[in-house]
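Q: Could you walk me through reading a model like this one? I'd like to start with charged side chains, then move on to the core and the pocket.

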Amino acid sequence: MNFTLHVWRQKNASDEGRMVTYPARNISPDMSFLEMLDVVNEDLIHKGEEPIAFDHDCREGICGSCSMMINGTPHGPEKATTTCQLHMRSFE
């Protein structure tokens with residue numbers, strides 16, 4: 001699966017911030033959204049770019065610290081599902 005991510009990047013509260021587009025290529029439908037971000041970050045680090053920062057703790061759907069807005073919806077399209085348990089097969 002291939003995706004195009006539009007990520008809000010802002011270094012700190014005084015930075016203006018901007019949307020940045022990143023490709024996510026060859027993503028397994030069985031990956032969680034956070035695992036997909038790990039793959040994108042590996043590519044960014046390899047290119048010498050700043051990785052995408054995101055919070056997570058348990059990655060087991062228990063703590064809820066992985067909350068993020070995905071396509072304008074908290075945690076993404078699946079109801080009662082944390083971002084770490086949201087699988088990429090939920091997207092077209």
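A: Sure. A salt bridge here is a side-chain nitrogen of Lys or Arg within 4 Å of a carboxyl oxygen of Asp or Glu. Keep in mind that this is a predicted model.

Q: How many salt bridges does that rule give?
A: Side chains of opposite charge can pair when their charged atoms come close. Here the rule gives 3 salt bridges. One of them joins Asp38 and Arg59, with the closest N and O atoms 2.8 Å apart. That pair ties together distant parts of the chain, since Asp38 sits in helix H1 and Arg59 in the loop between H1 and E3, 21 residues apart.

Q: Are Asp38 and Arg59 buried or exposed?
A: Go by relative accessible area: buried is under 20%, exposed is over 50%, and partly exposed is in between. Asp38 has 26%, so Asp38 is partly exposed. Arg59 is at 28%, so Arg59 counts as partly exposed too.

Q: Which residue does Asp30 meet in a salt bridge?
A: Asp30 pairs with Arg89 at 2.9 Å, N to O. This one also links distant parts of the chain: Asp30 is in the loop between E2 and H1, while Arg89 is in the segment after E4, 59 residues apart. Asp30 counts as exposed because its relative accessibility is 53%, and Arg89 is partly exposed because its value is 49%.

Q: What about Asp43?
A: Asp43 bridges to Lys47, and their closest N and O atoms are 3.2 Å apart.

Q: Now the core. How many residues does the largest nonpolar core have?
A: In soluble globular proteins, nonpolar side chains tend to be buried together. In this model the largest nonpolar core has 23 residues, and those with the most contacts inside it include Leu5, Tyr22, Phe33 and Met36. E1, E2 and H1 each supply at least two residues of this core, with H1 giving the most, 6 residues. Leaving out residues up to four places away in sequence, Met36 touches Leu5, Ala24, Ile27, Met31 and Met88.

Q: And what volume does the largest pocket have?
A: Rolling a probe the size of a water molecule over the atoms shows where empty space is left. The largest pocket has a volume of about 880 Å³. It is lined by 28 residues, and the closest to its centre are His6, Val7, Trp8, Arg9 and Ile52.

Q: Which element gives the largest share of that lining?
A: That's E1, with 7 residues. By class, the lining has 18 nonpolar, 4 polar and 6 charged residues.

Notes:
Residues numbered from 1 in each chain as written. Predicted model: local features only at pLDDT ≥ 70, side-chain atom pairs only at ≥ 80, totals over all residues. Heavy atoms only, no water. 1 Å grid on protein atoms, 1.4 Å probe; cavity = no way out; pocket = protein on both sides within 12 Å on 5 of 7 lines; lining within 4 Å. Points joined across faces, edges and corners; volume = space filled by probe spheres on them. Helix = DSSP H or I, 4+ residues; strand = E, 2+ residues; numbered from the N terminus. Nonpolar A, V, L, I, M, F, W, Y, C, P; charged D, E, K, R; others polar. Core = buried A, V, L, I, M, F, W, Y, C linked by side-chain atoms within 4.5 Å. Buried < 20%, exposed > 50% of the residue type's maximum accessible area, 1.4 Å probe, protein only. Contact = heavy atoms within 4.5 Å.
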